[in-house]
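Open the model in your viewer and keep the sequence panel beside it. This tour goes from one selection to the next.

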Amino acid sequence: MKRQSLSTIGWCARAAALLSALLPPLGAQSQALPPLFPIRSGDLHGLINLEGRVVLPPEYAELRIGQPLIMLRKGHRTAYADGEGRLVIEPQDELSLPFADGLAPMRGKDAQGKPRWGYADAKRQLVIAPAFDDAQPFVDGLAVVGIADAWGALKYGAIDRSGKLVLAAAHDKLLTPGGGLVRAESKERTHRVFDAKGRDITPAGVDFVGLSSDGMVRVWSGRQQGFMTVAGELVVAPRYAQASDFREGLARVWVDGKYGYIDKRGTLVIAARYDTAEDFADGLALVKDNGKPQFLDRTGKLVLQPEAERVWPFSQGLAVVKVGGKHGYIDKQGRMVITPQYSFARPFGNGLAFVGAGRMSGYIRPDGQFVWKNES
């Protein structure tokens, strides 16, 4: 076990939540990087690896995992490291945003010598020429860019990885792309959605569009919710007062005061009979029936009914439960595999889970053994 003792660390559930906000979800990390996990000392951030080795000590004011490099900031300078913590780009001022899809916005000069934004690769070489007055990171192959009009007002469009404008810079506001789609928001906060070729695929009657999830997009008409495909086909007309994004092929919906689940054609495949319900995760959905937590499979069959004060969804084969005021983990057979002993416990992700008890906190493996622990 690797042990790190830092007197200034004040680990707690609140700190863990803050770190989650600062870093992308573990599942969203670049394929080129190994699994990495946040640690902190006061307001400074670092990372450990799956074995608990400190890859980057907690000494950075900002740290963001990108693709394929990790962005690090101290003061007004930014550096970039690889998955082993080696500095690939030394502290500098040209790059200041995370890499995504292998590219990061970088200032340069256009053909007229005017300072503008382009995009550089991990070798700090401009691969998309400076041609923009604003540039945001790539997401799923698209990036929002701004071009000033004759009066200096920015209008926004979207480019692909070749630097081609696939959506004309004619919009007052574009939201962050996702799933190959980009949304334009009007001053009235209504939405239009465009595909990767710049085509408006907004279904008729839809005035608000969510993010792509599991190949589907939640849409609103007034306060009613439905779903379209990423190709713009409205497959579930807005008719639900409450709904959640699709996860593992099913989406949670609210019907007459109860929750059930629909498939991607809008068929109610699990009857709306539950008091509360969570999204499907790890093949199971956590619901409550008559106040009792239960896990359902994709057919709606009851597969597990844990006896616990509180239960959380499964992740990597284990679920957090609270018993006797302490948190532990059960497997999918309901066996207690990690005894309740923690004041807080997070779901497993990429092989580790963050837990704490009193002033101690750290990361554990699925066998309950710590790989990294702080005892301040």
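Does Asp256 count as buried or exposed? Select Asp256 and show its surface. Asp256 counts as exposed, because its relative accessibility is 76%, and the cut-off for that class is over 50%. Keep in mind throughout that this is a predicted model.

**Stop 1: the turn at Asp256**

Stay on Asp256 and check the backbone. Its phi is positive, about 55°, although the residue is not a glycine. Now colour strand 22 (251-255) and strand 23 (258-262); Asp256 lies in the loop between them. These two strands form a hairpin with two residues between the strands.

**Stop 2: along the hairpin**

Follow the ladder between strand 22 and strand 23. They pair in the antiparallel sense over five bridges. Pick Trp254 and look across: Tyr259 in strand 23 stands opposite.

In general, strands of a sheet pair through backbone hydrogen bonds, either parallel or antiparallel. Side chains in a regular strand alternate between the two faces of the sheet.

**Stop 3: the whole sheet**

Add strand 24 to the selection. What is the strand order of this open sheet? The order is 22-23-24, three strands with antiparallel pairing. The edges are strand 22 and strand 24 (268-274), each of which pairs on one side only. Neighbouring strands of this sheet are turned by 25° against each other on average, direction ignored.

Next, inspect the contact between strand 23 and strand 24. Here the pairing is antiparallel over three bridges. Select Tyr261, then find its bridge partner in strand 24, Ile270.

**Stop 4: another positive phi**

Jump to Asp214. Where is Asp214? This residue sits in the loop between strand 18 (208-213) and strand 19 (216-221). Read off its phi: near 60°, a positive value in a residue other than glycine. Then turn the surface on again. Asp214 is partly exposed, because its relative accessible area is 34%, and that class covers the range between 20% and 50%.

**Stop 5: a cis peptide bond**

Finish with Gln67 and Pro68. Show the backbone atoms and read omega across the bond. The peptide bond from Gln67 to Pro68 is cis, with omega near 15°. To place Pro68, colour strand 5 (62-65) and strand 6 (70-74): Pro68 is found in the loop between these strands.

Methods. Residues numbered from 1 in each chain as written. Predicted model: local features only at pLDDT ≥ 70, side-chain atom pairs only at ≥ 80, totals over all residues. Heavy atoms only, no water. Helix = DSSP H or I, 4+ residues; strand = E, 2+ residues; numbered from the N terminus. Buried < 20%, exposed > 50% of the residue type's maximum accessible area, 1.4 Å probe, protein only. Pairing = 2+ DSSP bridges. Axes fitted to C-alpha atoms, helices over the stretch in contact; angles between N-to-C directions.
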